[in-house]
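Here is a friendly walk through one protein chain, meant to be read with the structure open beside you. We start with a pair of strands and work outwards from there.

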Amino acid sequence: MPELPEVETVRKSLAPFVESQTIEDVKIYLPRMIRTHDAAAFRRRLSGQTIHTLSRRGKHLIWHLDEDVLISHLRMEGKFYIVEEDVPQMSHEHVRILFTSGRQLIYHDVRTFGTFDLFAKPQDILTLKPLANLGLEPWDEGFDGTYLKRQFDRRHGPIKPVLLDQTIILGLGNIYADEVLFCAGIHPKRAASNISLKRLESLATCIHDILSKAILMGGTTIRTYENSLGIDGMFQNELYVHTLENEPCRICDTPIKRIKLSGRSTYYCPTCQH
Ligand SMILES: [Zn+2]
């Protein structure tokens, strides 16, 4: 599943191909992916609009058009492809946007969980339903140990699942949650409410630095997820614990452990994290 750094890599790789492109037509093969409109209305509204910028909030891609804002989410396995000439429908292709330039944007999704929501442009895009009630990204003003302390105060369960709660920290998924806990020396089962402010300040720094580094390296390429436009991320070489069960810890040589927490595989070093 793509996490924030992978989605940011998708955004950066797609932006030069879609920004300033005018939409001529839209083909919709799986109408249920469009949650706000029926297929005919979606096609009618998009046709003729120009994509001005492609931005991102959390794992949502935000397409800023003349009149509207399109918000898309890749979910488990969504991918975008760019083609420069008309090609037959690909298998697992569900939406295609045709530009007046002849370029085409193809949305491919084996699991079909991806979504598209179209809204009239509001004053503040953060008021739109998919983006409202999301927590802070590590680059937002106010994201620090004090913010985490306030948010974790009533969370008496293990910290790992709390880190995945997008209403608190926007953009941490399973891979990076394991890595930031290792970085801050926190055991994944530790009660979130029971961690000192000093340790949470270090956690906030770890979250900021690890996600920033992962973005610079194009994200992490493991298992089934590969990027749009065939770009592979390199952050998998930087992992300290995630997917490394029984490998020696890079700091202390203790074998990395794997446990299940809230149904998700969780990796940690029993010596470095307490
Ligand atoms: Zn260790």
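Strand β4 (residues 68-73) is joined to β8 by six bridges, and the two run antiparallel. If you would like a spot to look at within this pairing, find Ser 72, which stands opposite Phe 116 in β8. Please keep in mind throughout that this is a predicted model.

These two strands belong to an open sheet of four strands, with the order β2-β3-β4-β8 and antiparallel pairing. Which strands stand at the edges? They are β2 (53-57) and β8 (115-120); each has a single partner strand, so one side of each is left without a neighbour in the sheet. From one strand to the next, the twist averages 25 degrees.

A helix also meets this sheet: α1 lies across β2 and β3 (60-64), and it runs at about 170 degrees to β2.

Now let us step back to the domains. The protein is divided into two of them, domain 1 (4-127) and domain 2 (145-268). Their C-alpha centres lie 30 Å apart. Where the domains meet, 15 residues of domain 1 are in contact with 17 residues of domain 2. On the domain 1 side, α1 (4-18) and β5 (79-83) each supply at least two residues. Which element gives the most to that side? It is α1, with eight residues. The helix that lies across β2 and β3 is thus also a contributor to the side of domain 1 that touches domain 2.

The make-up of that side of domain 1, by class, is as follows.

| Class on the side of domain 1 that touches domain 2 | Count |
|---|---|
| Nonpolar | seven residues |
| Polar | three residues |
| Charged | five residues |

Next comes the interior. The largest nonpolar core has 63 residues, and those touching the most other members are Tyr 176, Val 180, Leu 181, Leu 203, Ile 207 and Ile 210. Helix α6 (residues 197-216) gives the most to this core, with nine residues. The core draws at least three residues from each of domain 1 (4-127) and domain 2 (145-268).

Leu 181 deserves a closer look. What is Leu 181 in contact with, leaving aside its neighbours within four places in sequence? The list is Ile 159, Lys 160, Ile 186, Pro 188, Tyr 268 and Gln 273.

How values were computed: Residues numbered from 1 in each chain as written. Predicted model: local features only at pLDDT ≥ 70, side-chain atom pairs only at ≥ 80, totals over all residues. Domains from an automatic or database assignment. Contact = placed C-beta atoms within 7 Å. Nonpolar A, V, L, I, M, F, W, Y, C, P; charged D, E, K, R; others polar. Core = buried A, V, L, I, M, F, W, Y, C linked by C-beta atoms within 7 Å. Buried ≥ 20, exposed ≤ 12 C-beta atoms within 10 Å, placed from the backbone. Pairing = 2+ DSSP bridges. Axes fitted to C-alpha atoms, helices over the stretch in contact; angles between N-to-C directions.
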